Amino acid sequence: MGADENNNTENLKSLPLEDLHKAANARFGGFAGWSMPITYPLGVMKEHLHTRELAGLFDISHMQLFDVSGAGAAALLSRACPLDAASLPVGQSKYTFFLDEKAGILDDLIVTRLGEDRFMVVANAGNAAADEAHLRAVAKGYDCRIDALDRVFLAIQGPEAADVLHTAGLAGTELPFMNGFEPRPGWFMSRSGYTGEDGFEIGLPEADARELVTTLLADERVEWVGLAARDSLRLEAGLCLHGHDITPEIDPVDAGLTWAIPKPVREKAGFIGAKALLDKITKGPTRKRVGLKPDSRQPVRSDSILVDINGNAVGVVTSGGFGPSAGFPVAMGYIGKDFAPIGSHVFAEVRGNRIALHVHSLPFTPHRYHKG
Amino acid sequence: MASTYFTEDHEWVRVEDGVATVGITDHAQDQLGDLVFVQLPEIGQSLSKGDPAVVVESVKAASDVYAPVDGEVTEVNEAAATDPALVNSSATGDGWLWKMKLSDTNQLAGLLDEAGYNAIIG
């Protein structure tokens with residue numbers, strides 16, 4: 001038997017709570033330079049379904065929190081991101097990006113306004129170092145400071161997540177989705193996530209995290225959920241994984257993410273990549289990000305080439321796997337405009353075979369966010 | 001009397017009357033995690049040792065299962081294709097994958113016994 005996956009775990013960074021994952025008998029694998037719990041004994045399928053049914057607990061400490069503060073903080077973020085940080089209400093979170101001059105997506109981020117002159121930026125693990133260098137370079141000339149925070153970062157996701165936190169005595173369960181605050185010194189909590197479910201992400205010091213994890217796991221509705229289920233959950237929810245579905249070679253227009261860039265921000269055009277982005281909006285997308293559903297039970301994987309019935313290349317799969325809640329294989333990819341309408345029929349080339357697929361609406365499973 | 005052999009590629013091979021039943025080991029199914037798709041060979045297909053015979057796909061990844069010896073496929077386990085979770089729950093029993101008529105029983109001497117396989121997986 002030969003597996004495609006490389007589970008080399010040498011030279012990887014360890015999570016601060018690694019001992020807890022080991023005690024929970026997690027299986028580890030490498031991701032974005034970190035040794036991460038991939039699955040627990042429950043297994044990816046049950047971990048996924050448990051999250052949609054009750055509440056999954058995820059250790060996402062590989063992600064990086066940046067505290068951006070100072071009189072120039074809003075102006076810096078409005079330059080670095082296609083965002084009007086100054087008009088963001090305190091407590092509000094916003095999905096946004098770092099773009100390059102060509103409007104390529106360097107990373108996708110969540111920015112939360114914590115106060116008049118303070119913001120929290122949550123960045124992806126694989127891009128954390130590059131993001132920090134980029135932000136510091138852009139910050140020259142702005143009156144602000146950037147602190148990369150040393151925190152444990154936990155996510156609790158699922159329909160019972162709010163009640164679990166409430167039962168545990170935590171403040172903040174009344175927050176609407178995409179809002180955040182600092183419940184205690186050194187803590188950051190937002191109602192957000194990467195599963196399509198209601199849920200929270202909590203950054204906190206390690207000692208506090210150990211206490212919180214113990215409390216949460218004592219609630220029988222809570223199970224540890226690993227990175228494998230995190231990936232299948234976000235894929236069913238139609239959410240992008242940077243490095244796969246969005247990259248510096250892809251702009252927000254092709255990615256179908258211009259909803260994240262408000263009209264006044266486009267008109268003001270003060271952010272890096274504005275000219276290229278506005279040109280692209282005028283011209284329209286060259287390709288589109290779509291959902292893909294294989295006709296059979298066989299999953300298609302990222303990097304598979306999409307062809308039409310005559311074998312002409314028309315696109316590429318950027319994420320693919322099985323959707324435990326959907327009950328069928330699910331995938332996401334980019335495809336030429338002619339094939340983008342829902343129901344279009346294409347094929348993925350997998351090991352010399354052609355697998356028939358149809359373009360499917362995103363998400364595969366409906367979002368159940370708490371809109372307040 | 002049946003004899004069971006193993007391969008370094010985490011397959012088991014149970015031989016009875018010149019016919020080998022092949023599956024993946026319990027260790028293999030545990031490493032792969034929840035299986036969602038099994039693609040079986042064709043009955044009558046000739047396989048040479050090392051040929052990819054079956055594709056098993058977990059939620060995360062695809063893996064090949066190789067022919068451990070030369071031979072002709074005589075039977076496939078449709079139950080495993082219909083319900084891939086059967087391979088997880090009973091990798092060495094009801095979750096077998098295919099049967100093949102051996103071309104050369106001498107090849108069996110090159111396979112591992114259970115102790116040899118257990119030494120590999122530690």
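Before I turn to the lysine in chain B, a word on its annotation: UniProt positions are given in the numbering used here, feature names are shortened, and annotations may be inferred rather than shown by experiment. What we have here is a predicted model, in which local features need pLDDT of at least 70 and side-chain atom pairs count only at pLDDT 80 or more, while totals for chains, interfaces and linings use all residues. Residues are numbered from 1 along each chain as its sequence is written, and chains are lettered from A and ligands numbered from 1 in the order in which they are written.

With that said, UniProt, in an unreviewed entry, places the feature "modified residue: N6-lipoyllysine" at B:Lys60. This lysine belongs to the loop that lies between β6 (52-58) and β7 of chain B, where strands (E, at least two residues) and helices (H or I, at least four residues) are DSSP runs numbered from the N terminus. Is B:Lys60 buried or exposed? A residue counts as buried if 20 or more other C-beta atoms, placed from the backbone, lie within 10 Å of its own, as exposed if 12 or fewer do, and as partly exposed in between; B:Lys60 is buried, because 25 other C-beta atoms lie within 10 Å.

Let me move to where the two chains meet, taking two residues to be in contact if their C-beta atoms, placed from the backbone, lie within 7 Å. On that basis, 19 residues of chain B are in contact with 17 residues of chain A. On the chain B side, the elements that give two or more residues are β4 (35-39) and β7 (62-66), and β7(B) gives the most, with five residues.

Now to chain A, which has nine helices and 21 strands. Its C-alpha atoms fill a box of roughly 60 × 50 × 40 Å along the principal axes, and 48% of its 372 residues count as buried. Among contacts between residues at least 6 apart in sequence, 67% join residues at least 24 apart.

The part I would like you to look at is a closed barrel of six strands in chain A, which runs β16-β19-β18-β17-β20-β21 with antiparallel pairing, where two strands pair if DSSP finds at least two bridges between them. Within this barrel, why do we call β18(A) (residues 313-323) largely enclosed by the rest of the structure? The reason is that nine of its 11 residues are buried.

On one side, β18(A) pairs with strand β17 (residues 305-307) of chain A in the antiparallel sense over three bridges, and A:Val307 stands opposite A:Ala313 there. The hairpin of these two strands has five residues between them, and in it A:Gly311 takes a positive phi near 85°. Strand β18(A) is also joined by eight bridges to strand β19 (residues 328-336) of chain A, again running antiparallel, with A:Val330 in β19(A) as the bridge partner of A:Gly321. In the hairpin of β18(A) and β19(A), which has four residues between the strands, A:Gly327 takes a positive phi near 85°.

Elsewhere in the barrel, six bridges join the antiparallel strands β20 (residues 345-350) and β21 (residues 353-360) of chain A, and A:Val350 stands opposite A:Asn353 in β21(A).

Finally, helix α7 (residues 227-236) of chain A lies across β18 and β19 of chain A and runs at about 125° to β18(A), with axes fitted to C-alpha atoms, for helices over the stretch in contact, and angles running from 0 to 180 degrees between N-to-C directions.
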